Amino acid sequence: MSLSKRSWAEPFKIKMVELLKMTTPAQRLKAIKEAGYNTFLLKSEDVYIDLLTDSGTSAMSDQQWSGLMLGDEAYAGSKNFYTLEKAVQKYYGFKYLIPTHQGRGAENLLSQVMIKKGDIVPGNMYFTTTRLHQELAGGTFVDVIIDEAHDSENLFPFKGNVDLNKLEALIKKHGAKKIPYVCVAVTVNMAGGQPVSMENLKQLRKLTNKHGIKVMLDMTRIAENAFFIQQNEKGYANKSIAAIVKEICSYTDGGTFSGKKDALVNIGGFLVVNDKKIFEEASNLVVVYEGLHTYGGLAGRDMEAMAIGIAESVQDEHMKARIGQVQYLGDKLLEAEVPIVLPVGGHGIFVDAKRFLPHIKQDQFPAQALAAEIYTDSGVRTMERGIVSAGRNKKTGKHYYPKLELVRLTIPRRVYTQAHMDVIAESVQHVYENRKKIKGLKMVYEPKYLRFFQARFEKL
Ligand code: F0G
């Protein structure tokens with residue numbers, strides 16, 4: 001067998017395990033009803049395989065755990081801050097670092113510092129917390145992702161790309177002064193973990209340079225994006241993930257980062273920039289919301305673990321197994337003819353609830369209903385990424401109706417085995433075979449912000 005065809009087995013062995021509680025169907029029925037059919041409101045104890053998110057749920061390495069013992073818990077100037085700063089400069093190439101408790105802390109700082117009331121913030125598809133912070137700062141998010149991203153069956157390998165024509169039209173319409181930066185996510189979470197190509201980033205840099213507009217990355221899953229560039233973009237097959245990650249950053253002016261994904265830690269994030277003035281403003285503001293600029297809401301030990309995690313995240317073997325496992329699950333579901341977003345993205349499988357449950361109207365929350373159904377079947381916890389996540393238009397107060405109505409099976413890194421993937425696939429297949437019996441939901445409680453986290457539903 002040729003080397004490239006060989007399996008993706010993990011480059012680690014397991015030295016500690018966490019035992020799980022097994023539940024009965026009756027227990028699960030009761031649990032999901034009590035949770036208002038919202039998988040975010042389930043107790044983790046009642047979950048068998050937890051695919052709610054890949055955020056903060058990964059397994060740290062023995063190196064990271066030993067890094068925790070090196071925590072320098074000084075209020076100011078902790079050693080671990082400087083270790084993290086070095087890692088950021090080495091792997092991403094950005095000058096200035098401001099740690100935050102997690103990604104959204106950095107989004108808040110960036111939005112407050114850079115966005116003025118009435119500004120327009122273009123981005124390659126919205127992300128829930130990112131858009132909210134942009135709006136709270138007085139900006140309006142405008143989606144400039146390519147149309148292919150909204151089509152779950154389109155096989156284009158870089159569905160995260162920015163549509164440069166849409167962006168140019170937006171600049172023409174509002175003027176460059178109204179656009180503080182373009183927010184580029186690598187990979188695009190809400191599109192199904194779809195990557196951006198290097199060519200697109202280069203062209204974006206050219207266009208924004210012409211107009212004096214900054215490019216800020218949401219670099220949360222940047223190493224995963226680099227893997228797709230390595231696999232699918234001409235000229236990158238022989239480059240390392242580490243080199244590709246650094247090249248991505250080189251076309252931008254900074255970024256926000258949730259360390260809870262790529263960087264293999266349970267908590268942590270940061271803002272990075274090259275511009276000294278933005279850095280100074282943000283490092284003043286961080287004191288208000290997070291903590292002193294050398295810890296930003298993190299313990300010293302958390303910064304140490306994140307620095308080690310960043311180095312581990314750009315190892316080629318790690319990423320091959322990480323995304324290999326996601327693709328393995330994708331292949332199983334495709335074999336069972338379950339409708340999923342293609343191509344399979346970086347951090348999970350996204351089931352297309354519109355095609356899975358064509359009999360449920362979008363305002364009866366098909367993806368929400370499907371996530372509840374999968375949990376009831378097997379104790380596998382997934383989450384909704386559709387109309388509930390999209391929320392309401394801040395001006396009209398009406399639901400957004402996103403084209404993609406998805407259930408996300410998010411795979412934590414280094415946590416589950418191939419046998420777990422088999423169990424997940426069998427459960428989704430079983431629910432698919434019985435899909436006609438599934439009913440829609442009505443929302444009986446809707447919180448004001450990021451409603452998907454806490455909304456409650458009843459069965460219709
Ligand atoms: N940007 C992206 C693309 C994300 O996926 C997330 C978090 C954030 C920013 C915010 O980071 O959680 O550290 O504050 N995504 C998680 C998820 C919550 O489940 O997709 P955070």
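**Exercise 1.** Determine whether Phe 356 is buried or exposed in this predicted model.

*Solution.* Buried means under 20% relative accessible area, exposed over 50% and partly exposed in between (1.4 Å probe, protein chains only). Phe 356 has a relative accessible area of 0%, so Phe 356 is buried. The model is predicted, so local features need pLDDT of at least 70 and side-chain atom pairs count only at pLDDT 80 or more, while totals for chains, interfaces and linings use all residues. Residues are numbered from 1 along each chain as its sequence is written, and side-chain values use heavy atoms, with hydrogens and water left out.

**Exercise 2.** Classify the ring pair of Phe 356 and Tyr 432, and place both residues in the chain.

*Solution.* Rings of Phe, Tyr and Trp (its six-membered ring) pair if their centres lie within 6.5 Å, and planes under 30 degrees apart count as stacked, over 60 as edge-to-face and the rest as tilted. For Phe 356 and Tyr 432 the centres are 4.8 Å apart and the planes stand at 65 degrees, so the pair is edge-to-face. Phe 356 belongs to helix H13 (residues 353-356) and Tyr 432 to helix H16 (residues 418-433), so that the pair links parts of the chain 76 residues apart; helices (H or I, at least four residues) are DSSP runs, numbered from the N terminus. Tyr 432, at 14% relative accessibility, also counts as buried.

**Exercise 3.** Identify which charged end sits over the ring of Tyr 432.

*Solution.* The criterion requires NZ of Lys or CZ of Arg within 6 Å of the ring centre and within 35 degrees of the ring normal. The charged end of Arg 435 sits over the ring of Tyr 432, 3.9 Å from its centre.

Terms used
Helices (H or I, at least four residues) and strands (E, at least two) are DSSP runs, numbered from the N terminus.
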